[in-house]
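I opened the notebook to keep track of what I look up here. My plan is to go from a sheet to some helix pairs.

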Amino acid sequence: MVDEQLRILVVEDNPVFLRLLEKMLVEEDGHHVVTADNGLAALEILEGYRPDIIIVDWVMDKIDGEQFCKIVRSKPRLQKCYLIILSGMAAESQADLLTVGADACIAKGPFHETAGQIRYVLKESRCKTAPDFSKTILGLSSINQRQATVELLRRLKHYGLILQNMHDGVVVLAAGAAVATAEAGLPIIYANQAACALFGREEEVLLASRLPTYFNDGDRRRLTEILSGMKDEPVRIEDNQPLRLGDRYISAVFLPFVDGDELYATAVLRDITRQKEAEQALSKSEQQLQLALEAADLGMWDWDIPSGRVYFSPRYFAMLGYGPQELPHLLATWEKLVHPDDLPGTRQELQECLAREPAAWSLEFRMRCKNGTYRWIHSRGQVVQYGADGALLRAAGTHLDITERKQAEEAIHAEKSKLEAVVNALDTGLTMQDRNFVILYQNDQHKRLHGEHIGKICYEAFHGLAHVCPGCLLEKCFADGKSHHRETSRQRADGSQYLDVVASPFCDTNGAIIGGVETVKDITSRKMMEMQIQQAQKMEAIGTLAGGIAHDFNNILAAIMGYSEMAMMDAPAESSIHGMLQHVTTGAERARDLVKQILTFSRKTTQQKSPILLQVIVKEVMKLLRATIPSTITISADISPQCGTVVADPTMVHQLVMNLCTNSYHAMRQKGGLLSISLQPVDLAEEHTGSMLDIPAGAYVRLSVADTGHGMEKSVQQHIFDPYYTTKEKGQGTGLGLAVVHGIVHDLGGAITVTSDVGQGTTFDVFLPLSGNSHESEDMVSPVVRRGEGRILLVDDEVAITAVAARMLGRLGYQVTCFNSSRDALKAFIEAPQGFDLVISDQTMPEYTGLELIERIKKVAAGMPVLLMSGYSDQVDAESSRAMGLDGFLAKPFKDAEIARAVSDILGGAAEEGL
């Protein structure tokens, strides 16, 4: 125990040496000791701690002893701290180590000698007449000169004198974790002389400060974002977007690397106004750095081959965590430390090298450290002495710790493997080619598409040409340095294949284009989808056109049907005129039904499922089919009136039946045939369901559509419900019809089966579950004409419509006032709203539409009954009119009984048979 307890800060990066010092100073001497394993950590400690003594290692990571001493002596509050330097390279130094402000310098030697020197200096430093140690280096006689040289060379690898001679400013930044934040920043732990000159500050001012603070405001924020977001890729600030440092422009390259859990970044800063001078300095620095890397941190060995004794240098053992004398200096020691998996192969390689002339080797293997871990070692050696008889006497060589290199190689290999896995998992073919169009790489998808052609010339391998393909994208990339893109196609046995091709150049470190990457993606499915969408848009346009035509056609039919009916009422039933008028009425009704079917097929309505009679819809489809398919195809029907109801949307069922019938028609259009449609109730028992139909047992209605066409093979039947699958010629089908049918049947809770043989035709059976609800038969009772009384305001822009409707209503006893202008009708209503009991208006009119007119009428007389008429409208129908608060909706063309019933339902009236 010493007489006076001292507050001591020990800064040492060797954990073994640090532990020995701490044990001596604390446990043996009783001092208060705080330790740090690097200069940066020590500076953080000194922010809140003032020691009496600072003992600092000369060579350390992050901030070394020289830099640390300068910073300490620059702080006024630490001027009285007694500063002691420990150095293992003191004997090799050409400079006075004490010029940095140290009070004493102790050379590192055997620990017991170094400890004695430290105790001696600590004791003398407290004396009033303390000796001046600034003229000498204590303990120099015990320095191992070879060890000091090795340590110096190892440290030169990192920063050293080479960086001090660079013209570029070099700073090294570090943080406490691999992911830095903008708030934490990256403190400077090293700055070379050029960096100090660049910033106009001493090194001790720069160290531990934040780099962005020295740049102008805008670039300060920009640099902070770059540093805070830095990962593991280099970041370049090019000449075209330099940083501003006062009135100077600075380019920069940030090279990040991770050591353990800590992120480091080396920043190379260049004043681009002296570009040539900086390039020359960089070239010289690279040469010097290469020399320093070759003189790497090596462990030395000297092997006496006959005796098996080996001299191992202290560094040899130190890199494994052992002291110089902890292990015997024997070949067996080396064999014991080599990894058991590596020893047999390494020993065999060594024996083979010893048998050669000259006997030299370069081996890599793992060796066990004192803590039980393994480190990779690169061993170089050769026989340096032979006996007179040629016997091997002596060999010497070096050991280099290459663990970091191996880890980096493994990491690179892992990243390469991951990248290749990602690239090979793409559904896009990818190749890399050099400037001569030689294929350097193909991913798996490209090989599947085009075969393997690595090492071959692109245009020869893929196109059989002796020259570059016309319009080659890579050739354009090589010419202008930009990426290029195009879509192309090619013919295959199964049809056209569409390809999306993208080419981009890649460059070497100098920015010169050395090759290109080309990707080829099969976009046939996307193109087919685009064509389907275009076709759907065409169909939508046709539907819109059909609606417009239907509106005008229904107006024409309304006049024809109205006048025909009234003329038939006036003509004697037995007269020829009555018969001819009957034919006119029948033809008009067929025209109305045809228009109705077209509108039903093309309408776009929200699916509203309700109990419906399938036989009604099937009959509607048959009417539409009979008017569209050729007479060479006979249509037969077997429709039971006792099928019950199915919960479905009428449009869905209409589309289902239409698609099935259309598919059958296509199978018979060349030779004709028989299209049979059957609709029957069935009761499916358990044995008929399950795996066969995948629906539960119960009551169903079965829709069968059969044809006598060419039939299908079994392989075709397996795919008929797949989207875009079609056996029709190009342009004859979309491949969506049966897929839609399958989707509708599935949505309705049913099942569909297909039976077909080549040359024997095809039968589709659709099973839909019955709802169990009763429903009126589709056979309607005879229409009833109702007479009534009331004052009606009739509005339609077609004169013929108002004329015929007025006569119909007049014959029924109503007083009708007609207008062919919605604006005039509104004016008349506003002047005398009490003069009308009902307003009947067409929907599609100039000036005001029917809904707009009704809205204005309701503002005048909210309770006025209204009836809306329409030949076709995408805004209103019978269902939506009720939701709009209308009293009724009448579809044109209409019969006298239909308009009579609609008006009577609103105003009331007495029924009459056949006026």
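**Entry 1: the sheet**

I started with an open sheet of 5 strands, which run in the order S13-S12-S16-S15-S14 with antiparallel pairing. This is a predicted model, so I'm reading everything below as computed from it.

Which strands stand at the edges? I found S13 (309-312) and S14 (360-368) there. Each has a single partner strand, so one side of each is left without a neighbour in the sheet. From one strand to the next, I get an average twist of 25°.

I also reminded myself of the background: strands of a sheet pair through backbone hydrogen bonds, either parallel or antiparallel.

**Entry 2: one strand pair and a helix on the sheet**

I picked S15 (residues 374-386) and S16 (residues 392-401) for a look at one pairing. They are joined in the antiparallel sense over 9 bridges. To have one bridge to find by eye, I looked up His378, and its bridge partner in S16 is Leu400.

What packs on this sheet? I noted helix H13 (residues 343-354), which touches strand S12 (298-304) as well as S14, S15 and S16. The direction of H13 makes about 160° with that of S14.

**Entry 3: H24 and H28**

Next I went to helix pairs. Two packed helices are described by the angle between their axes and the distance between the axes, so I looked up both values each time.

Helix H24 (residues 799-811) packs with helix H28 (residues 896-907) at an angle of about 65°, and their axes are 10 Å apart. That makes H24 roughly perpendicular to H28, since angles of 65 to 115 degrees count that way. I logged the crossing of H24 past H28 as right-handed.

Which residues meet here? From H24 I listed Ala805, Met808 and Leu809, and from H28 Asp896, Ile899 and Val903. Sorted by class, this contact has 5 nonpolar, no polar and 1 charged residues.

**Entry 4: H1 and H4**

My last lookup was helix H1 (residues 15-28) against helix H4 (residues 111-125). These two pack at an angle of about 45°, with axes 11 Å apart. That makes H1 oblique to H4. I wrote down a right-handed crossing for H1 passing H4.

On the H1 side, the contact is made by Phe17, Leu20, Leu21, Met24, Leu25 and Glu28. On the H4 side, I have Phe111, Thr114, Ala115, Ile118, Arg119 and Leu122. By class, I get 9 nonpolar, 1 polar and 2 charged residues for the contact of H1 with H4.

Terms used:
Residues are numbered from 1 along each chain as its sequence is written. This is a predicted model: local features need pLDDT of at least 70, side-chain atom pairs count only at pLDDT 80 or more; totals for chains, interfaces and linings use all residues. Side-chain values use heavy atoms; hydrogens and water are left out. Two strands pair if DSSP finds at least two bridges between them. Helices (H or I, at least four residues) and strands (E, at least two) are DSSP runs, numbered from the N terminus. Axes are lines fitted to C-alpha atoms, for helices over the stretch in contact, and angles run from 0 to 180 degrees between N-to-C directions. Contact means heavy atoms within 4.5 Å. Angles under 35 degrees count as roughly parallel, over 145 as roughly antiparallel, 65 to 115 as roughly perpendicular and the rest as oblique. A crossing is left-handed if the near helix is turned anticlockwise from the far one by less than a right angle, and right-handed if clockwise. Ala, Val, Leu, Ile, Met, Phe, Trp, Tyr, Cys and Pro count as nonpolar, Asp, Glu, Lys and Arg as charged, and the others, Gly among them, as polar.
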